[in-house]
Amino acid sequence: MLHSLPNGYRAIVIGASGGIGGALLSLLQTDPRCALALPLSRSGGDLDVTDEESVAGAVSRLSDQRGSFDLVFNATGALTIDGVGPEKTIKAIDPSQMAKQFAVNSIGAALLLKHFAPLLKREERCVFASLSARVGSIGDNRLGGWISYRASKAAQNQIIRTAAIEIARTHPQSIVVALHPGTVDTDLSQAFSKGRERFSPAHAAASLLATIDGLTPAQTGQFFAYDGRRIEW
């Protein structure tokens, strides 16, 4: 349960058809303190984060829900797109594939902030959380590789940081953060996590919500791992 949000809180999960998004939605829907948990996803025909008209249309349809939201969670993301996975070397960079990574992982997050941030409560604690990845940390990069994916997540982190500063001016109790879920047993990571410990989506979702629950508005605009530890940019 999210004890830091008011009883009867309202939430939106974007990317609810994915492994982590679906697990987040299930937890929120079973939380007796959650009055409403709305799923949005591309596969559900509700929202395509790479299409601003689609994002704006989804927000417009939410006007029927009458009221603001306490939590907006962006659980979208892409590592392999159109069958093409992350590059192992800079020599393998394909500009069109790089653009697709940025469209989902960076520009998509920016469009969600642009259109969904106005739905957040203005005078009460509210949260916009977005799935990033530790490999998007510039300071933590010691292995190289995966240039397009790393860069797109690093760009998302900058977008989160910048948006958090702006949103705090009108929403003083807001928390806008990037979150690293760990290595999760989903389709996104399955081909790249051999020999590594993987969390179940349910475990990852519970950890992410617990991390959110422990944050304060003073920590807005930062980057956190599933265990609540801050990650360097």
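These questions and answers walk through the sheet, helices and salt bridges of a predicted model.

Reader: In what order do the six strands of the open sheet lie?

Author: The sheet is open and its pairing is parallel. Its edge strands, β2 (34-40) and β6 (223-225), each pair on one side only. Reading across the sheet gives β2-β1-β3-β4-β5-β6.

Reader: What is the average twist from one strand to the next?

Author: Strands of a sheet pair through backbone hydrogen bonds, either parallel or antiparallel. Here the six strands pair in parallel. From one strand to the next, the twist averages 20°.

Reader: Which residue in β5 is the bridge partner of Phe 128?

Author: Start with the two strands. β4 covers residues 126-131 and β5 covers residues 174-180. They run parallel and six bridges join them. In β5, the partner of Phe 128 is Val 176.

Reader: At what angle does helix α6 run to β5?

Author: Two helices can be placed against the sheet here. Helix α3 lies across β1 (9-14), β2, β3, β4 and β5, and runs at about 165° to β4. Helix α6 (residues 201-213) touches β3, β4, β5 and β6. Its direction and that of β5 make an angle of about 145°.

Reader: How many residues apart in sequence are the parts tied together by Lys 114 and Glu 52?

Author: The side chains of Lys 114 and Glu 52 form a salt bridge, at 2.6 Å from N to O. Lys 114 sits in helix α3 (residues 95-116) and Glu 52 in helix α2 (residues 52-61), so the pair ties together parts whose separation in sequence is 62 residues.

Reader: Where does Asp 82, the salt-bridge partner of Lys 100, lie?

Author: The side chains of Lys 100 and Asp 82 meet at 2.7 Å, N to O. The pair links distant parts of the chain, 18 residues apart. Lys 100 is in helix α3, while Asp 82 is in the loop between β3 (71-74) and α3.

Reader: Is Asp 48 buried or exposed?

Author: Asp 48 shares a salt bridge with Arg 42, at 3.9 Å from N to O. Arg 42 is exposed, with a relative accessible area of 63%. Asp 48 has 18% relative accessibility. Buried means under 20%, so Asp 48 counts as buried.

Reader: How many salt bridges does a search of the whole structure find?

Author: Pairs include Lys 114 with Glu 52 and Lys 100 with Asp 82. Asp 70, Lys 121 and Glu 124 are linked in a network of salt bridges. For the whole structure, the search finds seven.

Terms used: Residues are numbered from 1 along each chain as its sequence is written. This is a predicted model: local features need pLDDT of at least 70, side-chain atom pairs count only at pLDDT 80 or more; totals for chains, interfaces and linings use all residues. Side-chain values use heavy atoms; hydrogens and water are left out. A salt bridge is a side-chain nitrogen of Lys or Arg within 4 Å of a carboxyl oxygen of Asp or Glu. Buried means under 20% relative accessible area, exposed over 50%, partly exposed in between (1.4 Å probe, protein chains only). Helices (H or I, at least four residues) and strands (E, at least two) are DSSP runs, numbered from the N terminus. Two strands pair if DSSP finds at least two bridges between them. Axes are lines fitted to C-alpha atoms, for helices over the stretch in contact, and angles run from 0 to 180 degrees between N-to-C directions. Contact means heavy atoms within 4.5 Å.
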